[in-house]
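Colleague: Could you take me through one part of this model in some detail? I'd like to see how a single helix sits among its neighbours.

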Amino acid sequence: VNAEELQQITGQFGVQSLPTLIVMQNGQPVDAIQGLQPEAAIREVLDKYLPAPWLKDVQEGLAKVESGDSQADGIAQLRKAYADSEQVAEVAFAYASALIQVRRLDDAAAVMAAVKMVDQQGPEYPQLMAQLELAQSAAKAPEVTELEQKHAANPGDLDVVQALAAQYAQHQHHQEALELLWGVLKKDLNAKDGELKRIYMDVIATVGKGDPLAITYQQKLYAMLY
């Protein structure tokens, strides 16, 4: 508003110094600051009324995970919101819930462990912890357990390694799959005529190349290659 041209409005709002920022909500003034202000002060006022900038990432990320399409992208959006919100409990619970759904149980446990004590008092925290504990108890399908036993008995059997890594990936145990495959690849990059490396890269692609887990194991491979 040009205060000189619209003096009636400036008088109506009691403006005494310029610039003046007045926050309107539902057609009514709800807050104001007068005089020159640093950006931080203006942001502090606006943040009380504007939707959180990370809210869209939470909503879109959850939708992608729920639909089963682009789950890696959904997890990436939730991870970004978790970081951008500085680990606000509301976002932490949404992120942990999605991680449990895609069987990233170690990551979910880490997120839940970082929840502040004051945020553990509501109903969401114990509910999610119960879901996590149940998922951890039922984490291994019978076929996975059988292959793990075969691998323990004969670690050098690459057919078993390949089958176990594939089962790990299929049941969303991505870290276990990558660690198992890396244990072979760091000794022989072309094990099984490159088949294990192909599976390794497929798992990284499934996790999502921007994911910290994928980055870690991608860097291991690049360090060997270059």
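Modeller: Happy to; here is a close look at helix 11. This is a predicted model, where local features need pLDDT of at least 70, side-chain atom pairs count only at pLDDT 80 or more, and totals for chains, interfaces and linings use all residues. Residues are numbered from 1 along each chain as its sequence is written, and side-chain values use heavy atoms, with hydrogens and water left out.

Helix 11 covers residues 195–207; helices here are DSSP runs of H or I with at least four residues, numbered from the N terminus. Its 13 residues reach 19 Å from the first C-alpha to the last, close to the 18 Å expected at 1.5 Å a residue, that is, 1.5 Å times one less than the number of residues.

Buried here means under 20% relative accessible area, with a 1.4 Å probe and protein chains only. In helix 11, Leu 196, Ile 199, Tyr 200, Val 203, Ile 204 and Val 207 are buried. Seen down the axis, these residues fall within an arc of 140°, so they line one face of the helix; the arc is that of the directions from the helix axis to the C-beta atoms. In general, an α-helix has 3.6 residues a turn, so residues three or four places apart point the same way.

As for the neighbours, the buried residues of helix 11 pack against helix 4 (71–84), helix 9 (158–170), helix 10 (174–185) and helix 12 (212–225), with contact meaning heavy atoms within 4.5 Å. After helix 11 comes Gly 208, and its phi is positive, near 110°.

Notes. Helix = DSSP H or I, 4+ residues; strand = E, 2+ residues; numbered from the N terminus. Buried < 20%, exposed > 50% of the residue type's maximum accessible area, 1.4 Å probe, protein only.
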